Amino acid sequence: MKVEILREKRKTIVLKIIDEKTAVLKVPLKLSEKKINEFLQSKCLWLEKNVKKIKENNNFSKHFELDKFVYLNGESFMPVQEIAIEFDKLSQAERKRKIKAFYLTMFFKLEELAKDISLKTNLKYSEIKIADSKRIWGSYNSKGQLKLNWKLLILPQELVCYVICHELCHSLHMNHKPQFWASVGQICPNFKALRKELCKFSFVLRSELL
Ligand SMILES: [Zn+2]
């Protein structure tokens, strides 16, 4: 692991992991070498643990070839080649457009699931909107609009259910205070594990292929 040390006009020390092999340590201009080494020593376990997590996530994401297959509920569904004739000859932007358009034809699956969960939990929404974001899976606003990222279609269904439950619980609490999490826990008792699992799929959100 390489730790790049940056001396800056700052008061605090910040350690940030960039990838499996690199981290950046930002330190105040006059901090001694000794202090820097002491700090790094104290963060050794933390670094090890988090690099391990990044490695695990990278290995996990390798199972998903988002440029080769369309996925549904966490499993490969069909080769992307089948979405369009001569898919290989399309530009990257055209491919992305075709892949997205195909997923959107299946968006009704998310709508059905949300309707079902809403009926079972009695948590209401006014309408469902398709969201396209590299940052969030869904949202719920004060108008009662439930926005769901179409990339949710790729995820295992239990994670999609968690996201929908999470967003619908915002109909009760428009925040992430303990009462909100208590409501989520009533519907999804294993929500903590599901949240962790969901993190593993952040590569889907951020993927340049989608
Ligand atoms: Zn939330």
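This passage walks through a predicted model, from its domains to its strands, turns and helices.

To get oriented, it helps to begin with the overall layout. The protein splits into two domains: domain 1 covers 2–61, and domain 2 covers 69–206. Their C-alpha centres sit 33 Å apart.

Domain 1 is a good place to start, since its range of 2–61 takes in the strands β1, at residues 2–8, and β3, at residues 22–28. These two run parallel and are joined by seven bridges. One of the pairings puts K2 together with T22 of β3. β3 also pairs with strand β2 (residues 14–17), this time in the antiparallel sense and over four bridges. Here V14 has K26 in β3 as its bridge partner. β2 and β3 make up a hairpin, with four residues lying between the two strands.

Another hairpin turns up at the start of domain 2, which begins at residue 69. Strand β4 (residues 69–72) pairs with strand β5 (residues 75–79) through four bridges, and the sense is antiparallel. Across this pairing, V70 faces M78 of β5. Two residues separate the strands of the hairpin, and N73 belongs to the loop that links β4 to β5. What is unusual in the backbone of N73, a residue other than glycine? Its phi is positive, near 50°. As for its surroundings, N73 has 14 other C-beta atoms within 10 Å, so it counts as partly exposed.

S76 is part of strand β5, and it offers a closer look at the same hairpin. Is S76 buried, partly exposed or exposed? It is partly exposed, because 13 other C-beta atoms lie within 10 Å, where a buried residue would need 20 or more and an exposed one 12 or fewer. Setting aside neighbours within four places in sequence, the contacts of S76 are with F69 and Y71. Then there is H63, which is 13 residues away from S76 in sequence, with 9.8 Å between the two C-alpha atoms.

Further along the chain comes an open sheet of three strands, ordered β6-β8-β7, in which the pairing is mixed. Its edges are formed by β6 (127–131) and β7 (138–140), each of which pairs on one side only. Going from one strand to the next, the twist averages 20°. Strand β8 (residues 145–149) pairs with β7 over three bridges in the antiparallel sense, and Y140 has L146 of β8 as its bridge partner. Helix α5 (residues 157–169) packs on this sheet and touches β7 and β8, with its direction making about 20° with that of β7.

Helix α5 also has helical company. Which helix comes within 10 Å of α5, axis to axis, and crosses it at roughly 55°? That is helix α4 (residues 107–121). At this angle α4 is oblique to α5, and the crossing between them is right-handed. On the α4 side, the residues involved are L110, L113, A114, I117, S118 and T121, and they meet V160, C161, I164, C165 and L168 of α5.

Beyond α4, the chain passes through N122, which sits in the loop between α4 and β6. Like N73, N122 is not a glycine and yet has a positive phi, in this case about 65°. N122 has 8 C-beta neighbours inside 10 Å, so it counts as exposed, given that the cut-off for that class is 12 or fewer.

The last packing to describe pairs α5 with helix α7 (residues 191–200). The axes of α5 and α7 come within 10 Å and cross at roughly 110°. The two helices are therefore roughly perpendicular to each other, a class that spans 65 to 115 degrees. This crossing is left-handed. Here α5 contributes E158, L159 and Y162, which meet F191, L194, E197 and L198 of α7.

Taken together, α5 ties several parts of the picture to one another: it touches β7 and β8 of the sheet, crosses α4 obliquely and lies roughly perpendicular to α7.

Key. Residues numbered from 1 in each chain as written. Predicted model: local features only at pLDDT ≥ 70, side-chain atom pairs only at ≥ 80, totals over all residues. Pairing = 2+ DSSP bridges. Contact = placed C-beta atoms within 7 Å. Domains from an automatic or database assignment. Axes fitted to C-alpha atoms, helices over the stretch in contact; angles between N-to-C directions. Parallel < 35°, antiparallel > 145°, perpendicular 65-115°, else oblique. Left-handed = near helix turned anticlockwise from the far one by under 90°.
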